[in-house]
Amino acid sequence: MEFVRCLDEKQRAALHNAQNGPLYARLKADVFAGLVYPAVRKNQLHFYYKGGCLYKFANGTFTRDPAYCKYGNPTPGLTDYQLAKRQNENKFTAAIGRGTERQLLDELYCYTFGRARTSRTVVLDIEVNLNSGVGRGKKCDLVLYDTATRALLFVEGKLFSDSRVNVRRGRSPAVIEQVETYTAAVAEQAQTILRQYKNHIAVCNDLFGTDYPDPVRVCLPAKLLVYQTPATPTENHTYSIAAVEAALGYNNVAWVKQNERPTPDEIWERLCK
């Protein structure tokens with residue numbers, strides 16, 4: 001399956017009809033508030049909230065994964081939309097570690113569509129299945145976009161406590177292979193990625209009032225962003241950091257301390273020294 005980002009005119013028009021318009025208005029208000037993140041897919045829009053997909057828009061209608069229903073029951077005073085958000089919150093805050101990682105990355109999304117945006121770097125896409133011959137089915141967490149240089153950067157996010165990062169001495173952190181796979185997948189189809197993100201940006205500019213220019217460059221290699229790095233590392237921590245840096249390169253990893261909350265601009269500067 002080829003990497004595709006598009007939304008045709010028929011689908012865009014259907015967002016505003018009598019059936020879809022009220023829900024789209026609620027979602028769009030939360031997009032501008034920095035709470036919900038819209039991602040363009042192959043003739044679909046996926047709206048993410050608190051780490052998971054809140055609604056999918058495809059074939060002219062909104063749908064929601066029924067599996068989320070077990071994370072919250074109908075509650076007096078809550079609308080269906082409010083309940084859907086509550087279910088997302090419950091699902092991903094209940095997941096130890098994973099929930100925290102998703103929430104930390106979620107804090108970056110408000111820089112993309114907020115009306116008072118001042119950041120030159122934005123989160124252009126999330127949960128990105130590159131659909132290449134390399135690492136098919138694996139999803140990279142973020143695509144950052146430097147709107148000044150018009151460059152794209154693929155970034156994998158992790159918590160330091162993740163067993164794929166922090167390992168016992170003598171073992172190889174699994175995140176190394178993961179990031180190297182993303183690098184190979186991006187390199188394999190860099191020109192396709194540029195063309196498709198041009199389409200992606202055109203959809204976002206049309207639907208959400210952004211004014212982003214077309215991308216002209218894909219940065220390689222893919223990068224690693226690690227949250228909650230211990231301020232006082234143990235021997236194993238030091239080993240894990242050294243192993244990751246030796247494999248991926250010192251300049252290709254950003255170690256974020258436990259109380260740090262870097263902006264997209266700050267993350268870009270750390271990873272593109």
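**H237 and its surroundings**

I looked up H237 and found it in helix α8, which covers residues 235–248; the model I am reading is a predicted one. I wanted to know whether H237 is buried or exposed. Its relative accessible area is 15%, and because buried means under 20%, I enter H237 as buried. Leaving aside residues up to four places away in sequence, I list F160, N166, P230 and T232 as the residues that H237 touches.

**The chain as a whole**

I then stepped back to the whole chain, whose secondary structure comes to nine helices and 10 strands. For 273 residues, a compact globule would have a radius of gyration near 19 Å, and since the chain has 19 Å, I note that the two agree. Along the principal axes, I read a span of about 60 × 45 × 35 Å for the C-alpha trace. I also noted that 53% of the 273 residues count as buried, and that, of the contacts with a separation of 6 or more, 66% are between residues 24 or more positions apart.

For the surface, I recorded an exposed area of about 12,600 Å², of which carbon and sulfur atoms supply 49%. Counting charges, I have 36 positive and 28 negative side chains, with the centres of the two sets 3 Å apart.

**Helices α3 and α6**

I checked the length of helix α3, residues 80–93, against expectation: its 14 residues should span 20 Å at 1.5 Å a residue, and its end C-alpha atoms are 20 Å apart, so the two values agree. In α3 I marked Y81, L83, A84, K85, Q87, N88 and F92 as buried. As a reminder to myself, an α-helix has 3.6 residues a turn, so residues three or four places apart point the same way.

I gave helix α6, residues 174–188, the same check: its 15 residues reach 22 Å from the first C-alpha to the last, which is close to the 21 Å expected at 1.5 Å a residue. Its buried residues are V175, I176, Q178, V179, T181, Y182, T183, A185 and V186. Which elements do the buried residues of α6 pack against? I listed the strands β6 (139–146), β7 (151–159), β8 (217–218) and β9 (223–229), together with the helices α7 (190–208) and α8. Helix α8 is the one in which I had placed H237.

**Backbone details in the loops**

I looked at the peptide bond that joins L220 and P221 and found it to be cis, with omega about 5 degrees; P221 has its place in the loop between β8 and β9.

I noted two residues other than glycine with a positive phi, namely N43, near 55 degrees, and K50, also near 55 degrees. N43 lies in the loop between β1 (37–40) and β2 (44–49), while K50 lies in the loop between β2 and β3 (52–58). I entered N43 as partly exposed, because its relative accessible area is 24%, and K50 likewise as partly exposed, because its value is 30%.

**P22 and a long distance**

My last entry concerns P22, which lies in helix α2, residues 21–32, and which I count as partly exposed because its relative accessibility is 43%. How many ångströms separate the C-alpha atoms of P22 and Y239? I read 53 Å for this pair, whose members are 217 residues apart along the chain.

Terms used. Residues are numbered from 1 along each chain as its sequence is written. This is a predicted model: local features need pLDDT of at least 70, side-chain atom pairs count only at pLDDT 80 or more; totals for chains, interfaces and linings use all residues. Side-chain values use heavy atoms; hydrogens and water are left out. Helices (H or I, at least four residues) and strands (E, at least two) are DSSP runs, numbered from the N terminus. Buried means under 20% relative accessible area, exposed over 50%, partly exposed in between (1.4 Å probe, protein chains only). Contact means heavy atoms within 4.5 Å. The radius of gyration is taken over C-alpha atoms; the globule rule is 2.2 Å times the number of residues to the power 0.38. Accessible areas come from the Shrake-Rupley method with a 1.4 Å probe; for residues, only the protein chains shown count as cover. Lys and Arg count as positive and Asp and Glu as negative; His and the chain ends are not counted. The place of a charge is taken as NZ of Lys, CZ of Arg, CG of Asp or CD of Glu. The expected span of a helix is 1.5 Å times one less than its number of residues.
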